[in-house]
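I opened this notebook to keep track of what I looked up, one topic at a time, with the cut-offs written beside each term.

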Amino acid sequence: RIGAISIASATNVTSDKAITAESFVQSAGSGTTTISGAVDTSLVAGFSVTGTNFVLNSTIDTAGNGVVFTDLSGTASISAAGDITATGAVTLDAVGGITSSGDITTNNDNISFVTATVLGGDHVLSTGAGTAGNISFSNTLNSDTTAARDVTLTSGTGNISFAAAVG
């Protein structure tokens, strides 16, 4: 494991291999950040990308209350292989929309989709059974045009909220 990875700014960021670090934080980007190798972080900063577009083709696992956070002016695309397991909160925000096929699990923490979300495959979201942690969709939630997609939500003692149209 290496220490913190801190990217101040980049046009494109690409990783095809595994990343094992204390944290991965990209503060700005004007192109696409593509992660195709597994990411494993160990500190509260977890995995964070601020930029334009984000593509996740492999897993993200955080420990140490590590968060997963995106703040994008473009789009986020999470493949079926892009499962996220976080010990902290997961917040996905992409002004151009989110297309997600990967499952997301937290350990008692919130899962938030801030912008319009399209399910590209069946989806499981869990904050843990019998534990706190809310799941929220602040914008629309829909299936892709290929097929109606299932979404299974588990928030234990937390709440599930839909602030806009579903379907």
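I began with contacts (heavy atoms within 4.5 Å), and I found that, among contacts in the protein between residues at least 6 apart in sequence, 24% join residues at least 24 apart. I note that this is a predicted model, in which local features need pLDDT of at least 70 and side-chain atom pairs count only at pLDDT 80 or more, while totals for chains, interfaces and linings use all residues. I also note that residues are numbered from 1 along each chain as its sequence is written, and that side-chain values use heavy atoms, with hydrogens and water left out.

Next I looked up burial, where buried means under 20% relative accessible area, exposed over 50%, and partly exposed in between (1.4 Å probe, protein chains only). Of the 167 residues, 41% count as buried.

I then turned to the largest nonpolar core, a set of buried Ala, Val, Leu, Ile, Met, Phe, Trp, Tyr and Cys residues joined through side-chain atoms within 4.5 Å. This core has 31 residues, and F24, F47, I84, I104 and F113 touch the most other members. For F113, leaving aside neighbours within four places in sequence, I listed contacts that include L92, I98, I104, L125 and F137.

Last, I checked V166, which lies in the segment after β21 (160-162); strands are DSSP runs of E, at least two residues, numbered from the N terminus. V166 is exposed, because its relative accessible area is 51%. For the whole protein, I noted zero helices (H or I runs of at least four residues) and 21 strands.
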